[in-house]
Amino acid sequence: MSATPGRPPSVEGSPPSHGAGDGTAEDAPPPYSLTSVDNALRLIHALGEHGELRVYEAADLLGVARSTAHRLLSTLTFRGFATRAGGHVYRPGPALADAGLRALGRLDLRQVAKPHLRALSEDTGETVHLVVLEGNGARFVDGVESAQPLRVGLRIGMVLPAHSTSAGKAILAALPPEQVRSLYPRGVQTLTGRTLASLEDIERHLATVARVGYATNHGESAEDVSAVGVVIRDHTRAPIAAIAVAAPSERLLRPRIPLIAIRMHRAGLAISGDYVSPR
């Protein structure tokens with residue numbers, strides 16, 4: 001993956017995106033849908049909309065036997081998406097509430113961060129992203145694209161291994177080492193020949209990131225793309241997100257990085273201040 005004039009970098013193996021007007025029938029299930037998964041998701045929606053659901057109501061909604069509906073509700077209860085309120089009545093569980101709160105929090109963070117992302121992009125002349133941690137992945141939730149002809153395109157919606165991105169590293173470096181280790185129960189994924197390839201490599205690198213106060217990425221998630229990442233913290237100093245400035249590697253040279261990092265720290269502090277104490 002490389003920066004190209006006027007186009008965002010592509011990711012090998014990523015599924016094609018579908019949007020409004022692309023001819024996709026969004027009200028019809030895809031031909032490869034799994035009935036059990038679809039039924040579970042329909043029950044989650046019903047719990048969220050109605051506040052409670054009885055087994056016979058779930059069976060009627062799905063057109064299945066009550067025993068099948070009961071098994072689905074029991075599974076949702078086990079995973080925290082439902083809770084049994086007595087008898088055959090189920091209500092939304094803590095996982096469903098947490099998911100909603102996280103979505104609202106992320107939306108609020110995006111709204112708060114947006115003007116600062118724009119200002120940072122204008123200041124540096126490069127593409128800027130807002131990134132949050134999801135497991136051991138870095139999800140790009142918002143961004144502002146550089147206006148330069150040769151630029152790194154937006155990655156909004158993508159999830160990449162956190163240790164392969166500057167923003168992901170910045171967040172990981174702000175976590176306790178034991179928490180970082182717990183995020184990699186099945187080893188480490190690499191995207192390029194420069195990606196950190198082991199948990200030991202990651203831990204050593206994160207120690208350096210914590211010491212210097214910013215993270216870098218030189219071709220670790222995509223060839224010919226470099227980036228700088230700075231963590232955003234809440235009022236307790238806990239990491240909540242990170243910002244990344246990305247550019248073609250030929251333009252984001254090492255002498256330029258500390259100066260960009262200083263501007264990023266200012267933006268990160270401004271985002272944190274507005275997020276904790278909205279105007």
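This tour moves through a predicted model, from a six-stranded sheet to two sites on its helices.

**The sheet as a whole**

Begin by selecting the strands of the open sheet, which has six strands in the order β8-β6-β5-β11-β10-β9 with antiparallel pairing. Colour β8 (159-161) and β9 (215-218) separately, since they are the edge strands, each of which pairs on one side only. Viewed with direction ignored, neighbouring strands of this sheet are turned by 30° against each other on average. As background, strands of a sheet pair through backbone hydrogen bonds, either parallel or antiparallel.

**The hairpin of β5 and β6**

Next, select residues 127-134 for strand β5 and residues 137-144 for strand β6; the two pair in the antiparallel sense over seven bridges. Three of the bridge pairs can be displayed in turn. Val128 has Val144 in β6 as its bridge partner. Val131 has Phe140 in β6 as its partner. Leu133 is bridged to Ala138 of β6. At the turn, two residues lie between the strands, and Gly135 takes a positive phi near 60°.

How many residues of β6 are buried? The number is seven of eight, so β6 is largely enclosed by the rest of the structure. Strand β5 is mostly covered as well, with six of its eight residues buried.

**The outer partners of the hairpin**

Keep β6 on display and add β8: three bridges join these strands, which run antiparallel. Select Ala138 here, whose bridge partner in β8 is Leu160; Ala138 is also the partner of Leu133 in the hairpin.

Then turn to β5 and add residues 239-248, strand β11. Five bridges join β5 to β11, and the two run antiparallel. Val128 is the residue to centre on: it stands opposite Val245 in β11, and its bridge partner in β6 is Val144.

**Helix α2 and its covering**

Move to helix α2, residues 55-62, and show the side chains of Val55, Ala58, Ala59 and Leu62, which are its buried residues. They cover an arc of only 100° around the axis, which puts them on the same side of α2. The spacing is in keeping with a general rule: an α-helix has 3.6 residues a turn, so residues three or four places apart point the same way. To see what lies over these buried residues, add the covering elements, which include α1 (35-50), β2 (53-54), α3 (66-78) and β4 (89-92). Finally, select Gly63, which follows α2 and has a positive phi, near 70°.

**Where α5 crosses α7**

The last stop is the pair formed by helix α5 (residues 166-173) and helix α7 (residues 199-212). Their axes come within 9 Å and cross at roughly 85°; α5 and α7 are therefore roughly perpendicular to each other. Which residues meet in this contact? From α5, select Lys169, Ala170, Leu172 and Ala173; from α7, select His205, Leu206, Val209 and Ala210. Colouring the contact of α5 with α7 by residue class gives six nonpolar, one polar and one charged.

Technical notes
Residues are numbered from 1 along each chain as its sequence is written. This is a predicted model: local features need pLDDT of at least 70, side-chain atom pairs count only at pLDDT 80 or more; totals for chains, interfaces and linings use all residues. Side-chain values use heavy atoms; hydrogens and water are left out. Axes are lines fitted to C-alpha atoms, for helices over the stretch in contact, and angles run from 0 to 180 degrees between N-to-C directions. Helices (H or I, at least four residues) and strands (E, at least two) are DSSP runs, numbered from the N terminus. Angles under 35 degrees count as roughly parallel, over 145 as roughly antiparallel, 65 to 115 as roughly perpendicular and the rest as oblique. Contact means heavy atoms within 4.5 Å. Ala, Val, Leu, Ile, Met, Phe, Trp, Tyr, Cys and Pro count as nonpolar, Asp, Glu, Lys and Arg as charged, and the others, Gly among them, as polar. Buried means under 20% relative accessible area, exposed over 50%, partly exposed in between (1.4 Å probe, protein chains only). The arc is that of the directions from the helix axis to the C-beta atoms. Two strands pair if DSSP finds at least two bridges between them.
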